Amino acid sequence: MSLTGCRTLTLDQAQIRELATRRWIAHGDKLLFLGPPGTGKTHLAVSLGREAIRQNYNVQFVTAATLVTVLAKPHSDGSLDKQLTMLGRSKLLIVDELRLLPVRGQVLASLDSDS
């Protein structure tokens, strides 16, 4: 069976093994998978998240659209800092489908801030 138009995420085995060590999580590093739909970004992120859970890390998975919806009310009522603190309690926050957000540049900049 052939899947027309499917592409795969290109990472070599050494990169996968390094990501699986979870050192990047322990150091608080950010990891961003970018690429066209259907390349395995979500699959890889969920796999890394599941492995982190096995190692007793607190992990959350959310779509970008859901995250924006969840943060909209706290943003309007002044409790955004509190909500962000609650999200920050997870050692690993997986945000999926960033490309689907029309404001993705602002979202990516927010994720990259150290505040």
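Me: Why is serine 90 called buried?

Reply: In this predicted model, serine 90 has a relative accessibility of 9%, and buried means under 20% relative accessible area, with exposed over 50% and partly exposed in between (1.4 Å probe, protein chains only), so serine 90 counts as buried. Residues are numbered from 1 along each chain as its sequence is written. Because the model is predicted, local features need pLDDT of at least 70 and side-chain atom pairs count only at pLDDT 80 or more, while totals for chains, interfaces and linings use all residues, and side-chain values use heavy atoms, with hydrogens and water left out.

Me: What joins the side chains of serine 90 and glutamine 60?

Reply: A polar contact of 2.6 Å joins them; the term covers a pair of N or O atoms within 3.5 Å, where within protein one must be able to donate a hydrogen and the other to accept it, and residues adjacent in sequence count only if both atoms are side-chain atoms.

Me: Which residues is serine 90 in contact with, leaving aside its neighbours within four places in sequence?

Reply: Serine 90 is in contact (heavy atoms within 4.5 Å) with Asn58, Val59 and Gln60.

Me: Why is alanine 45 called buried or exposed?

Reply: The relative accessible area of alanine 45 is 13%, and therefore alanine 45 is buried.

Me: Which residues does alanine 45 touch, not counting those up to four places away in sequence?

Reply: Alanine 45 touches Phe33 and Ile94, and the C-alpha atoms of alanine 45 and phenylalanine 33 are separated by 8.2 Å.
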